[in-house]
Amino acid sequence: MRFEFSRHHDGAAASSFDLGDLRLVLDSADVTSAGHRPSRSMMIYLAIVHLVDGLSEMAEGHSSRFRFVGPDSSFSLDFRRKNDVLTVTAGNAVVGAVPMSDVLAALLAGITTFLTDPDNVLAANESVVEDLESAVRRLRGVASSSR
C-alpha cells in the first residue's frame, strides 16, 4: 500500500491552500485525484490534515467508518474498519482491505516523502503549519502504538 501526495506549483513558494493530488496504490488498484475533468485536485495540505485526523480517530477506536473528501474537491475515499482490517472503497469499487497498522505506516511514509521535498515545505507563518505539524505528530504516535 502506498499513499502519494503531490502539489501543483509554478515555482512559487508553497502556500497553505495550494492544490494538489492524492494517489492511493493498493495491490493492483490505483486510485488518484489527478487527471480528471472536471478537476478533482484538492487543497493538499488541508487534505493531509483531514486524512490523518480521520484515520487516527479510527485507529484510536473512536469510529469504525471515515469518509475522506478532499477539501475543495469531489474526490473521496471511504474507509471502514472491522477488527484490525480497514477496507478502502472509491466510488462503488472496493480498492482493498489492509491491516490498520499498514495503512498508518503507508500514510506516514507518504506524508514524510511529500514534506521532505523542499518545494513542499511551508513557511512557518503559513496558516496550516500548526495543524499539519500536530497531525503528523498524532499520526506518528498512533502508528507506533498500532504495531
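At 15% relative accessibility, Asp 18 counts as buried, where buried means under 20% relative accessible area, exposed over 50% and partly exposed in between, with a 1.4 Å probe and protein chains only. This is a predicted model, in which local features need pLDDT of at least 70 and side-chain atom pairs count only at pLDDT 80 or more, while totals for chains, interfaces and linings use all residues. Residues are numbered from 1 along each chain as its sequence is written, and side-chain values use heavy atoms, with hydrogens and water left out.

Asp 18 lies in the loop between strand 1 and strand 2; helices (H or I, at least four residues) and strands (E, at least two) are DSSP runs numbered from the N terminus. Leaving aside residues up to four places away in sequence, Asp 18 touches Arg 7, Ala 13, Met 42, Met 43, Ile 44 and Tyr 45, contact meaning heavy atoms within 4.5 Å. One of these partners, Ile 44, is 26 residues from Asp 18 in sequence, and their C-alpha atoms are 6.3 Å apart in space.

Ile 44 also leads into the helices, since it is among the residues of helix 1 that, with Tyr 45, Ile 48, Leu 51, Val 52, Leu 55, Met 58 and Ala 59, meet Met 100, Val 103, Leu 104, Leu 107, Ile 111, Phe 114 and Leu 115 of helix 2. By class, this contact of helix 1 with helix 2 has 15 nonpolar, no polar and no charged residues, where Ala, Val, Leu, Ile, Met, Phe, Trp, Tyr, Cys and Pro count as nonpolar, Asp, Glu, Lys and Arg as charged, and the others, Gly among them, as polar. The two helices pack at an angle of about 160°, with their axes 11 Å apart; axes are lines fitted to C-alpha atoms, for helices over the stretch in contact, and angles run from 0 to 180 degrees between N-to-C directions. Helix 1 and helix 2 are therefore roughly antiparallel to each other, as angles over 145 degrees count as roughly antiparallel, under 35 as roughly parallel, 65 to 115 as roughly perpendicular and the rest as oblique.

Helix 2 (residues 100–116) also packs with helix 3 (residues 129–145), here at an angle of about 145° and with axes 10 Å apart. On the side of helix 2 the contact is made by Leu 104, Leu 107, Leu 108, Ile 111 and Leu 115, and on the side of helix 3 by Leu 132, Val 136, Leu 139, Arg 140, Val 142 and Ala 143. By class, this contact of helix 2 with helix 3 has ten nonpolar, no polar and one charged residues. Within helix 2, Met 100, Val 103, Leu 104, Ala 106, Leu 107, Leu 108, Gly 110, Ile 111 and Phe 114 are buried, and the buried residues of this helix pack against strand 1, helix 1, strand 6, strand 7, strand 8 and helix 3.

The loops hold some further details of the backbone. Most residues other than glycine have a negative phi, and most peptide bonds are trans. Asp 27, in the loop between strand 2 and strand 3, has a positive phi near 55° and is exposed, with a relative accessible area of 70%. Asp 72, in the loop between strand 5 and strand 6, has a positive phi of about 65° and is exposed at 61%. The peptide bond from Arg 37 to Pro 38 is cis, with omega near -5°, and Pro 38 is found in the loop between strand 3 and strand 4.
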